[in-house]
Amino acid sequence: MASQTDLWTVVHQVWHIGVAGLALLLSIIASGHAVLYKRDSRAAIAWVGFVWLVPLVEAVLYLIFGINRLRRQALLLRSDLERYRAHSRDAECPPEELHRHLPPHSEHLEMLARVVGEVVAKPLLAGNRVEPLLNGDETYPAMLDAIRNAKQTVSFLTYIFDRDEIGLEFAKAFGEATRRGVEVRVLIDAAGTRYSMPTILRALRREKVRYARFLPAFALWRMMSMNLRTHRKILVADGRLGFTGGLNIRVGHCLQKKPRKPVQDIHFRVEGPVVAQLQEVFAEDWCFTTKEALRGEGWFPQLDKVGQDLARGVTDGPDEDFEKLRWTLMGALSIARQSVRIVTPYFLPDPSITSALNLAAMRGVEVDIVLPSKSNLFFVHWASRAMWWQLLEHGCRIWLTPPPFDHSKLMIVDGCWVLLGSANWDPRSLRLNFEFNVECYDVELAQRLEKLIGTKIAAAHQVTLQEVDSREMPARLRDGVARLLTPYL
């Protein structure tokens, strides 16, 4: 009996030593990886601190959430694939020719076109027409009409695809197109399919639509990248007519239907040579997910000039496109002379972007940041509010719009340059998500959107520094704690 007790004691001691040794080993590995590969020293310090504060648990969490395996995976997958680029040399507009398309007061934007061109390595294309569509009430009928009139191909990429009356209508339209002989490809983020239960996937299967899910997180190696999602929204019909912006597929965007949780947003109908860049992004994501290469005239036809907008796609993601959007934002803020208008649902700027906004305001640029007064993510709203004083004290203006929740994403510089698309001003969009935006150089489009933003501001509440500083201490502490988690929100 005594020997058995001694044996259990030895086993117990060995178990504790083994667990302690494993915790030590994992902590050393996780800390070393963070020190070597984290670009942001603050993120590295935070991870190392957490790893040693809760050694075993936090080391495992770092291995799951802290390592960007997707970049390596994407590079390996695409290393033997030639990146397809549609031929559009006739529409290319070099930066030095930008002045021919813009009024004299906008000639300084030539430098911005040069910067963005260096960042994204794509040409700026002339001859496009970009039309804003408000909410699902204008956007969904236009998208459904494009699908129903498609003759050869339809490509569709989205983050959220709910199984509600709008989602089912889209599934039916995709099915009808498939039965007409149109080649239909639907790509949905795997996490985005689970915003409604049951998911839309059964309806797509019933309609015999060819679909795929971006990064499903069932396999263990994919769970390591579960925090990296595609947030892009792209629809292209026959390679000629495109749609992009901020709208997901859900009935909440149709304000005229008076949904239970209404959400404002803006989308864009796009025609002209830049549609090929929308299609290129979809084709790469589809190939990444399914390994099927989309080529040929049906997907990439010759595109004629149809309008006056200069436009270029801006891709961003945790792979080879890392931080391209951040560089674009920084370039635009540094070049602005008269005004910067920003509309975003989630505003969590890092110190470099905060400094760029403040420097613009201190140069005399009017900087207006339009945010929703009530967010659908209260924790993000708390963290954002903890940062406002840094901007207000240097002259930036913050406006809070009344409900319904505004999910719009826009940036306008000097009444001529427009950035539209899927990205928010937060770490998730700028570091983790796959995003797609479009930059446009056009006074008419910018004025039309500035009028829309002006309407939002007219109904909004302007935040003051005194108001922010006078918050009660419990609220300030709550917001401050939320701000500490900004890199993970």
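Which residues of β9 are buried on one side, and which on the other? Hold that thought while I set the scene.

This is a predicted model, so local features need pLDDT of at least 70 and side-chain atom pairs count only at pLDDT 80 or more, while totals for chains, interfaces and linings use all residues. Residues are numbered from 1 along each chain as its sequence is written, and side-chain values use heavy atoms, with hydrogens and water left out.

First, the overview. The protein has 18 helices and 17 strands. Helices (H or I, at least four residues) and strands (E, at least two) are DSSP runs, numbered from the N terminus. Of the 489 residues, 55% count as buried. Buried means under 20% relative accessible area, exposed over 50%, and partly exposed in between, with a 1.4 Å probe and protein chains only. Now contacts, meaning heavy atoms within 4.5 Å. Take those with a separation of 6 or more: residues 24 or more positions apart account for 81% of them.

Back to β9, residues 309–316. Here 8 of its 8 residues are buried. On one side sit Asp309, Ala311, Gly313 and Thr315. On the other are Leu310, Arg312, Val314 and Asp316. Both faces are covered.

Who are the neighbours? Two strands pair if DSSP finds at least two bridges between them. β9 pairs with β16, residues 435–441, in the antiparallel sense over 7 bridges. Glycine 313 stands opposite valine 438 there. β9 also pairs with β1, residues 125–134, again antiparallel, over 2 bridges. Leucine 125 faces alanine 311 in that pairing.

Follow β1 onward. It pairs with β8 in the antiparallel sense over 6 bridges, and arginine 129 stands opposite glutamate 271. In β8, residues 266–271, 5 of the 6 residues are buried, so the strand is largely enclosed by the rest of the structure. β6, residues 241–245, runs antiparallel to β8, joined by 5 bridges. One pair to look for is threonine 244 with phenylalanine 268.

Now the helices. α6 (residues 135–148) and α7 (residues 165–179) pack at about 15 degrees, with axes 9 Å apart. Axes are lines fitted to C-alpha atoms, for helices over the stretch in contact, and angles run from 0 to 180 degrees between N-to-C directions. That makes α6 roughly parallel to α7. Angles under 35 degrees count as roughly parallel, over 145 as roughly antiparallel, 65 to 115 as roughly perpendicular and the rest as oblique. From α6, the contact uses Tyr140, Met143, Leu144, Ile147 and Arg148. From α7 come Ile166, Glu169, Phe170, Ala173, Phe174 and Ala177. The split is 9 nonpolar, no polar and 2 charged. Ala, Val, Leu, Ile, Met, Phe, Trp, Tyr, Cys and Pro count as nonpolar, Asp, Glu, Lys and Arg as charged, and the others, Gly among them, as polar.

Next pair. α13 (residues 378–385) and α18 (residues 473–484) pack at about 100 degrees, their axes 7 Å apart. That makes α13 roughly perpendicular to α18. Phe379, Trp382, Ala383 and Arg385 in α13 meet Arg478, Asp479, Ala482 and Arg483 in α18. This contact has 4 nonpolar, no polar and 4 charged residues. The buried residues of α13 pack against β11, α14 and α18.

Last stop: aspartate 285, in α10. Is it buried or exposed? Aspartate 285 is buried, with a relative accessible area of 2%.
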